Amino acid sequence: MERNSAFTGGDEREVEGKTWHQLDEAGLAEALRTDPRGGLAPEEAQRRLAEIGVNELQEKQGEPPLKLLLHQFKDFMVLVLVGAVIISGLLGEMLDALTIIAIILINGILGFFQEYRAERSLRALKELSAPHAKVIRGGSLDTVPARSLVPGDIVMLESGDRIPADLRFIDCQQLAVDESALTGESVPVVKEPHMLTAADLPLGDRKNCGYLGTMVTRGTAKGIVTTTGMKTEMGKIADLIQQTEEAETPLQRRLEQLGKILIVISILLTVMVVVAGVLHGQPLYGMFLAGVSLAVAAIPEGLPAIVTIALALGVQRMIRRRAIVRKLPSVETLGCASVICSDKTGTLTQNQMTVTRLWLGGRRIDVTGEGYDPTGQLKEAGRTVEAKGDAAIRRLAQVAALCNNAELARGEKDEDAKKRKPGKEDTVPETADWRVKGDPTEGALLVLASKTGHSRASLDTLYRREKEYPFDPDRKRMSVLVSHQGGQLLMTKGAPDLLVEHCEYVLWDNQITPFTATLRQKVLQANEAMAKDALRVLGFAYRDLKSHEVCETNEQAERGLVFVGLVGMIDPPRKEVHEAIVKCRQAGIKTVMITGDHGLTAEAIAKSIGIMQRDGRVVTGSELSVMSDEQLDRISDEVSVYARVSPEHKLRIVQSLQRNGHVVAMTGDGVNDAPAVKAADIGIAMGITGTDVTKEASALVLADDNFATIVAAVEEGRGIYENIRKFIRYLLASNVGEIMTMFLAMMMGFPLPLVPIQILWVNLVTDGLPAMALGVDQAESDLMRQKPRSSRENIFARRLGWKIISRGLLIGLCTLGAFVLTLREGSGDAASLVHAQTVAFATLVMAQLIHVFDCRSSRSIFHRRLLENRFLVLAVLSSLVLMVAVLYVEPLQPVFKTVPLGFRDWALVTVAAGIPTFFMGIGSVLGTSKPKKGSKISYGKAAAQPTRPLSR
Ligand code: ATP
């Protein structure tokens, strides 16, 4: 095999008879023609991409459009109509046969467009959640779409990442990978970069290889991409994975079952109509056609497609509001959410940290300056402190700058620059130029260090990092080991209340003093005082390492420390959060803050944004740890802040709330949050700070990490469900109206009030367009002032079933009434029957077109602005125009068996058509003028109290 072509043949994973896991780093670099340090040149990556194609698993193709179109004609209703065409043809009724054929075609084409659009929107959704990868190209680290990876790319991975292609690790730091998606093995596999010699190793034993689609659960790694796309191990089983996709939402499934029941009922009623008609002397052929048309009209065949469209369009509206739905069924659940559990940092707050206060051995020092701009001063009792000569400040600054992985950079964020309109440059504040790459908490510490005159760059020349004990949300601290002038120093920063447990000394008056109980108490009091002022507080400590002391684990390293001091930073709440929380309260949704931060900080912020009332309760992680599930269940309804929790606590909180009957939305970002996010009814992942693992476990991703976006999504979720109810009501009430008109007429021995072609026309024109317009209707203004609906609620609940039957019945009665009145006035000949049938036809159409406006409101037509939904107005107008055409365009009259109507006829039609809606509307206005007890959430006294916004 030719060496140089190794990267092109993903299948040919042998290089000189060896597979990837048998090569060392140099061998890999040579075979894949890449540089493990600097990566591929961007042009070379482009060239390879063009040559071998994108790194994607080929999706099972969606239905090709032609198949989708033909699919429309496989419907039961179409078969019934085809039967009718054949019989009409055999009996020589060519006009009937041709008209029904036209109807079948138009119906099929409409159905095709509905389904095609629904499918396209769903596919667009998938692309939004496409993964990214961190890759070194041309010597610098960049984030690129995972689909653009090519063999030879150098990929960096960290805990929570999804492995973006098949690769061979060349560096691993405590790496563990969950390969269950590929091998079924649920325990994460520890990976190491060393070369393996055995040739035929099963996948699970190739410890130095990573595979597309598996997840990094711990540690960090660097790997060379060996294979991409369909040639990867995952590609080989891609078909298997795609079969597990969920397709329908519970509502869609329930509606499908409902549809089946309705088919049976419609057929039964139709048979009764036909039998009654024939018994009363109607001609058999006429009754047969009428029966077929009625059956076709009565079956709500458009329902599933309209539900899919309403869901898909709703999901697109959510995307515009920055919420990306990953699982369609969650759209329904969103509307039922009764508790939202949210992280604090970044979701409720801005995650824009600024250090404002220090505490060093009893001294309080205030820090001036704005944002990440590293200019500002340190002031003690109003006087500027000479920071450079102060030993305690110097030590604090060293730990702040060195025990730190962030970077401060000057320059705009690319996206910001793109968004800004030309000519607006001058309005950008000076400070906007400074930004942090990495954790904002650490960014703020770099800024602090610069303000003391100890920049990271100057310290890096004196101290060299030897080892890192990374931050983890369980330990709530991070340490580094640095070498300096032949010695070694350990530097630690983290949650002060936990950090003091590992300190034996304290820096007090520039002296290293034993950390007595009294001094410890003073530190903790200072910590609490800062936390009460809503500051996020970090403690700092260090120790000189004895020569040759080995610190493999963090337990060995982080002990016997010297406590240096405290740093307090503000993280202002997001501006829109307060309003969102008020909205939640009005909507009967409880909000809960879950944070790793200190209880008092959490409480201060929770109060300022209105999550917590004055007498609210904070539960800490340590309290949670000693609580039984029963004890937690007893209090979880009341608690609005959980502080100092570890990710595992989140799962217990979700489960407890669920046991108490709540539908829980829970946010998460880190790997350890994934179980709670998965267990929640609506798991929510952060789009910016969230890991791939959490995103994959989630139902919803917040593109902007913002709490207000969750509330917007809940609002959309409620709106979508109500819209589905609106068009179900419209379609079914219309069908009941059509059936009732025919059924009652036949039972009472009248002639047919509607001819078959008119019934088919009503089904196609009057039912179709307005129903779709209802699917995108605006929400009612009190949508977010109602209690969340129960997830077990029947679609016909809240009197919808009654409304369908009562309005349908009235429409039927009024249509029949107009028909009978006109018939009575006539001379009894065939022409007067056609006249009466035309009046009935116009009444039915008008009654439905008026009723559609009533369907927009859960109360009555008088509660909504008439012209608000422009799609609906357009749909109704076009249906009206088409009806007028059928009545007055001469060539259409014989087809639809109509005659032009006069002024008197229209007066009758208008009155009869208006009765069902206005009669019931007036009734419900009278009925609801007194508000019903318990139908709204009460605004508690505490809730109405103004809350104090936090100022920066
Ligand atoms: P959330 O509210 O989203 O849970 P949080 O920031 O409040 O996030 P964590 O990030 O888990 O919670 O932080 C918990 C505590 O750990 C903080 O109060 C702080 O004392 C400490 N801490 C946070 N970030 C760091 C860091 N980079 N290095 C060391 N300690 C940190």
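Which residues is T214 in contact with, leaving aside its neighbours within four places in sequence? In this predicted model, the residues in contact with T214 on that basis are D161, R162, I163, V177, D178, E179 and L182.

T214 itself is found in the loop that runs between β6 (209–210) and β7 (215–227). Although it belongs to a loop, T214 has a relative accessibility of 0% and therefore counts as buried, the cut-off being under 20%. Its side chain also has a polar partner within the same stretch of chain, since a polar atom of that side chain lies 2.6 Å from the backbone oxygen of Y211.

**Cysteines**

C209 has a relative accessible area of 5%, so this residue is buried. C814, with a relative accessibility of 11%, counts as buried as well. A search for disulfides across the whole structure returns 0.

**The ligand and its shell**

The ligand is surrounded by 20 residues, of which the closest are K344, T345, R536, T595 and D597. Among the strands, β18 (487–494) and β21 (536–545) each contribute at least two residues to this shell, and β21 gives the largest share, namely 3 residues. Three polar contacts with the ligand are set out below, two from the backbone and one from a side chain.

| Residue and atom | Ligand atom | Distance |
|---|---|---|
| K344, polar backbone atom | oxygen | 3.0 Å |
| E442, polar side-chain atom | nitrogen | 3.0 Å |
| A495, backbone N or O atom | oxygen | 3.4 Å |

Taken alone, the ligand exposes 610 Å², and the protein buries 91% of that area.

**Helix α30**

How far apart are the end C-alpha atoms of helix α30 (residues 830–854)? The computed separation is 36 Å, and this agrees with expectation, because 25 residues at 1.5 Å a residue should span 36 Å. The expected value is reached by multiplying 1.5 Å by one less than the number of residues.

An α-helix has 3.6 residues a turn, so residues three or four places apart point the same way. In α30, 20 of the 25 residues are buried, which means that this helix is largely enclosed by the rest of the structure.

Conventions: Residues numbered from 1 in each chain as written. Predicted model: local features only at pLDDT ≥ 70, side-chain atom pairs only at ≥ 80, totals over all residues. Heavy atoms only, no water. Helix = DSSP H or I, 4+ residues; strand = E, 2+ residues; numbered from the N terminus. Buried < 20%, exposed > 50% of the residue type's maximum accessible area, 1.4 Å probe, protein only. Disulfide = S-S within 2.5 Å. Polar contact = N/O pair within 3.5 Å; in protein donor to acceptor, adjacent residues only side chain to side chain. Contact = heavy atoms within 4.5 Å. Near = heavy atom within 4 Å. Areas by Shrake-Rupley, 256 points an atom, 1.4 Å probe, with all protein chains shown as cover.
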